[in-house]
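User: Please take a close look at one well-enclosed part of this model and describe what surrounds it. After that, follow the description outward into the rest of the structure, in one connected account.

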2 protein chains.
Amino acid sequence: MTVSPQFSRTESWALTTLTIACFGVLANVFQGDGNPVSASLAFSGICYTSTYCMIKWLGATFIKANLKGRDMSKLKKVEIPEAMGAVAAIVYLLAIITFIPFPFYKDIVTATSGGGNRDFVIEAQHIETGRLLHKFPHNKLASYLSAILSLQVIVILGIGDDLFDIRWRHKVLIPAFGAIPVLIVYFVDFGVTQISLPTFLRPYVGGRELVDLGVLYYLYMAGFAIFCPNSINILAGINGIEVAQSLVLALLILLNDVLYLLPSAPYPHPAIDSHLFSVYLLLPFVGVSLALLKHNWFPSKVFVGDTYCYFAGMLFAVDGILGHFSKTLWLLLIPQVFNFIYSAPQILHLVPCPRHRLPHFNVRTGLMEPSRVTFERPLRPIIQTVMKIAAAVKLLDIKTDESGNIIESSNFTIINLWLVWFGPMREDRLAMGLIALQIACGLLGLFIRHKLALLIFTSDNLQHSSII
Amino acid sequence: MTVSPQFSRTESWALTTLTIACFGVLANVFQGDGNPVSASLAFSGICYTSTYCMIKWLGATFIKANLKGRDMSKLKKVEIPEAMGAVAAIVYLLAIITFIPFPFYKDIVTATSGGGNRDFVIEAQHIETGRLLHKFPHNKLASYLSAILSLQVIVILGIGDDLFDIRWRHKVLIPAFGAIPVLIVYFVDFGVTQISLPTFLRPYVGGRELVDLGVLYYLYMAGFAIFCPNSINILAGINGIEVAQSLVLALLILLNDVLYLLPSAPYPHPAIDSHLFSVYLLLPFVGVSLALLKHNWFPSKVFVGDTYCYFAGMLFAVDGILGHFSKTLWLLLIPQVFNFIYSAPQILHLVPCPRHRLPHFNVRTGLMEPSRVTFERPLRPIIQTVMKIAAAVKLLDIKTDESGNIIESSNFTIINLWLVWFGPMREDRLAMGLIALQIACGLLGLFIRHKLALLIFTSDNLQHSSII
């Protein structure tokens with residue numbers, strides 16, 4: 001069933017009411033020296049309603065422009081619109097740009113010699129009007145803009161990918177281009193490349209708490225920005241999984257942000273700006289993703305396309321880089337990291353890799369089963385040994401011939417592994433299982449971050465307000 | 001004839017040599033506290049070679065993805081790739097982002113309390129190392145980034161337009177979205193809305209030289225940003241005209257910029273930053289446009305698509321807005337303004353408007369002739385009168401029936417008008433004629449700007465270094 005441009009009466013009412021309410025909040029915020037967090041929530045609501053409507057309106061147009069695909073895991077393989085994530089991404093970008101005047105003080109240039117020179121500027125007073133009314137000084141503006149630039153680059157290249165079906169080895173580089181704006185502005189505008197070391201490493205660098213990584217720090221950030229989008233893009237292929245995992249990640253990061261903004265957290269705190277920054281970036285994302293999920297959840301009426309995966313991953317990457325909490329993010333990305341390492345033997349072609357590794361849809365039962373790869377030539381002995389060990393600890397499902405050679409194996413993705421563990425199941429139950437895993441890993445990650453970090457670092461920046 | 005992915009030996013040599021030379025210049029600039037203008041020239045060269053190659057490499061891919069069209073003004077109507085301007089735009093965007101570290105001082109943050117806080121910053125000293133070594137302070141960074149954001153928005157929406165064939169009344173709004181980032185950052189970051197008045201208007205505002213336009217100034221800027229891209233998009237339809245007119249406009253603006261950077265110009269001068277800013281934005285544009293023109297000039301091997309027209313127009317708009325010389329730009333856009341006003345009766349449907357108004361290709365002569373619109377119902381008398389006057393002063397070519405009713409007319413575009421004036425001609429001569437007109441109008445415009453402006457303003461900012 002494809003998406004339809006008709007709205008039910010309930011839909012129309014709900015969408016109209018929500019939109020009006022959100023604009024009401026915005027008008028209210030704009031009048032007073034209002035609360036940017038309320039404004040961000042209102043933007044999130046508008047993002048939800050506009051993405052919801054745009055997807056319905058544009059469905060037929062996408063199909064006409066050949067942006068369509070068939071869902072192979074259904075009995076009726078109707079054509080549905082593809083690459084709808086691009087719509088969500090564009091709504092998000094316009095929202096996040098329009099949002100700029102809310103969190104930033106307005107500098108007032110009172111004298112100019114022309115040509116855009118700021119000869120005399122009254123900088124807005126840093127009146128602390130409370131935790132949530134806190135506004136950003138102007139030196140944060142460049143970071144904010146660079147984040148949007150990176151997201152736009154990834155959306156432009158992602159659309160290219162959705163249009164042209166780029167080869168894997170080129171695809172992997174798309175996020176590298178996307179990372180350029182954030183890294184370059186970081187270089188020109190901030191340039192701090194020191195990190196604090198875990199206690200157990202300090203003896204090796206002469207007992208210092210901080211170490212300057214220089215160029216290595218940029219390589220680390222670039223690697224992080226390349227990993228996030230690609231890791232989401234390979235944990236994909238069943239209805240709703242791309243959007244649902246991104247939504248869970250966004251909500252987990254928001255939960256972490258909220259820990260810094262709660263009345264019980266220390267205030268003023270050096271990390272508060274970063275976490276407000278993160279809230280502003282993520283709330284509208286939650287809005288567009290919820291709307292997309294509504295159409296993309298089982299049974300999907302639209303596909304999201306690579307653009308959405310890149311875009312979501314890049315959002316987390318820039319959020320982590322500019323908010324200086326990329327270490328925390330790694331903890332939330334445990335399923336993605338696992339899936340990436342687990343996939344590596346096939347991605348690196350140590351083991352043959354079929355064109356598609358989606359789970360297999362059994363037409364008779366209507367259930368998803370692990371997809372399998374068959375080996376026409378015998379694998380190298382060392383690889384066979386490793387695979388047999390993996391099979392023994394239930395990390396693979398293999399078949400051997402009478403001489404003990406592996407002739408068949410389940411594909412190396414976490415989605416197939418889930419089916420190996422829990423047996424065939426319907427597509428939506430499969431997605432729900434993986435999402436539950438993502439939530440569990442994420443909550444565990446946050447627990448580790450805030451409760452166990454003190455074991456290896458001298459301070460958790462949530463408890464202590466004066467750290468370097 | 002479509003574009004081919006093969007390179008001749010001469011092409012390979014020329015492109016390789018140019019690329020190596022440009023990287024050489026960049027390496028040189030990067031070592032010393034080098035000259036950003038040289039770096040910009042080198043970027044321009046790299047833009048040329050990469051756009052040139054990308055277009056050749058991607059031709060077949062575009063055709064396969066259904067981005068193709070037939071050239072109706074040729075005897076052999078082969079399919080050639082469409083929307084190639086998007087490639088040029090993307091190369092440009094990546095270049096202009098990578099260029100950031102060259103013109104901006106690097107602020108060095110020496111102490112941070114974490115979370116991206118700039119607690120102690122050594123601002124780069126404003127050492128004036130001469131006119132061309134001049135670097136920008138950081139308060140220009142937000143403007144620069146907002147310009148890139150606007151261009152990216154327009155490219156994303158332009159690609160949508162090329163894919164989906166959006167209706168005219170929606171198309172017109174695309175540049176409005178594109179203008180948002182520049183206007184919002186202008187609002188938050190600069191916010192000057194005063195303009196200096198021509199002398200003859202001053203008595204009406206109590207003799208003041210400056211008048212604060214407030215919200216009107218933003219409306220003016222938005223209008224300007226909507227006009228530029230659309231005006232280039234409607235002066236289109238024959239081989240090479242879109243790129244050639246944009247290239248001429250870019251070169252004319254560069255000429256105007258150079259007037260401020262020449263050794264004879266006053267130094268230091270308040271407008272010098274704006275004009276350097278403009279040079280940095282335009283040089284890479286000249287690079288990508290030359291490469292595009294090489295493939296798009298008669299007989300076209302690729303089409304440029306709406307993306308390029310929007311992108312080029314938006315570049316001029318943001319350049320004029322952020323450089324505070326939009327008045328000068330109007331003078332360079334005289335042919336576009338004329339074409340817009342001349343087209344208005346058809347665009348507003350006062351006179352019937354056919355789906356396409358391109359000139360007509362005569363298969364027998366191989367020449368272009370004015371395309372015509374026939375009126376099935378008689379036009380309103382007032383419109384007939386105006387059209388007859390226009391025909392009398394050679395602004396239209398009309399046909400009347402025996403009772404004096406207009407039954408046919410040439411279409412209302414400057415391209416058709418040129419053919420009405422000078423008779424049928426080959427497509428490339430037509431394009432060259434219009435480009436010559438653009439050059440002539442532009443040079444006249446610059447003459448007016450610098451020689452005659454003193455008649456109505458108290459100062460031309462090129463002569464006087466201390467103005468408001």
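Analyst: **Helix 14 of chain A and its surroundings**

In this predicted model, the buried residues of helix 14 of chain A are Ile414(A), Ile415(A), Asn416(A), Leu417(A), Trp418(A), Leu419(A) and Val420(A). Helix 14 spans residues 414-422, and because 7 of its 9 residues are buried, it is largely enclosed by the rest of the structure. The elements of chain A against which these buried residues pack are helix 12 (334-347), strand 8 (367-369), strand 11 (406-410) and helix 15 (427-452). Just after helix 14 of chain A comes Gly423(A), whose phi is positive, near 80°.

One of these packing partners, helix 12 of chain A, holds Gln346(A). Gln346(A) counts as buried because its relative accessible area is 0%, below the 20% under which a residue is called buried. Once residues up to four places away in sequence are set aside, Gln346(A) touches Val351(A), Pro352(A), Cys353(A), Pro354(A), Arg357(A), Val373(A), Asn411(A) and Phe412(A). Phe412(A) turns up again in a core of 13 residues, which includes Phe375(A), Met387(A) and Ala390(A) as well, and which lies apart from the largest nonpolar core.

The largest nonpolar core has 243 residues, and those touching the most other members are Tyr92(A), Ile100(A), Phe285(A), Phe316(A), Tyr92(B), Phe285(B) and Phe316(B). As a general tendency, nonpolar side chains in soluble globular proteins are buried together. For Phe316(B), the contacts beyond four places in sequence are with Phe224(B), Ile232(B), Ser246(B), Leu249(B), Ala250(B), Ile253(B), Leu282(B), Phe285(B) and Leu329(B).

The chain that contains the enclosed helix can be described as a whole. Chain A has 15 helices and 11 strands, and 57% of its 468 residues are buried. Of the contacts in chain A with a separation of 6 or more, 73% are between residues 24 or more positions apart. The accessible surface of chain A comes to about 20200 Å², with 66% of that area belonging to carbon and sulfur atoms.

Chain B offers views of its own helices 12 and 15. Helix 12 of chain B (residues 334-347) includes Asn339(B), a residue that counts as buried because its relative accessibility is 1%. Beyond its neighbours within four places in sequence, Asn339(B) is in contact with Ile234(B), Leu235(B), Thr413(B) and Ile414(B). By contrast with those contacts, the C-alpha atom of Phe187(B), 152 residues away along the chain, is separated from that of Asn339(B) by 32 Å. In helix 15 of chain B (residues 427-456) lies Asp428(B), which is buried because its relative accessibility is 10%. Asp428(B) is in contact with Trp297(B) and Phe298(B), leaving aside its neighbours within four places in sequence.

Phe298(B), in turn, is joined to Pro299(B) by a cis peptide bond with omega of about -15°, and Pro299(B) is placed in the loop between helix 9 (272-296) and helix 10 (305-322) of chain B. In chain A, a cis peptide bond joins Phe298(A) and Pro299(A), with omega of about -15°, and here Pro299(A) lies in the loop between helix 9 (272-296) and helix 10 (305-322) of chain A.

Positive phi values are found at residues other than glycine as well. His324(A), with phi near 60°, sits in the loop between helix 10 and helix 11 (326-332) of chain A and is partly exposed, with a relative accessible area of 27%. Asn66(A), with phi near 75°, belongs to the loop between helix 2 (36-64) and strand 1 (68-70) of chain A, and its relative accessible area of 47% makes it partly exposed.

In chain B, Asn66(B) follows helix 2 and has a positive phi, near 75°. Helix 2 of chain B (residues 36-64) has 29 residues and reaches 41 Å from its first C-alpha to its last, close to the 42 Å expected at 1.5 Å a residue, while a bend of about 45° is found at Leu58(B). The N-terminal end of helix 2 of chain B is capped by Asn35(B), one of whose side-chain oxygens lies 2.7 Å from the backbone nitrogen of Val37(B).

Methods
Residues are numbered from 1 along each chain as its sequence is written. Chains are lettered from A and ligands numbered from 1 in the order in which they are written. This is a predicted model: local features need pLDDT of at least 70, side-chain atom pairs count only at pLDDT 80 or more; totals for chains, interfaces and linings use all residues. Side-chain values use heavy atoms; hydrogens and water are left out. Helices (H or I, at least four residues) and strands (E, at least two) are DSSP runs, numbered from the N terminus. Buried means under 20% relative accessible area, exposed over 50%, partly exposed in between (1.4 Å probe, protein chains only). Contact means heavy atoms within 4.5 Å. The expected span of a helix is 1.5 Å times one less than its number of residues. The bend at a residue is the angle between axes fitted to the seven residues ending there and the seven starting there. A polar contact is a pair of N or O atoms within 3.5 Å; within protein, one must be able to donate a hydrogen and the other to accept it, and residues adjacent in sequence count only if both atoms are side-chain atoms. A nonpolar core is a set of buried Ala, Val, Leu, Ile, Met, Phe, Trp, Tyr and Cys residues joined through side-chain atoms within 4.5 Å. Accessible areas come from the Shrake-Rupley method with a 1.4 Å probe; for residues, only the protein chains shown count as cover.
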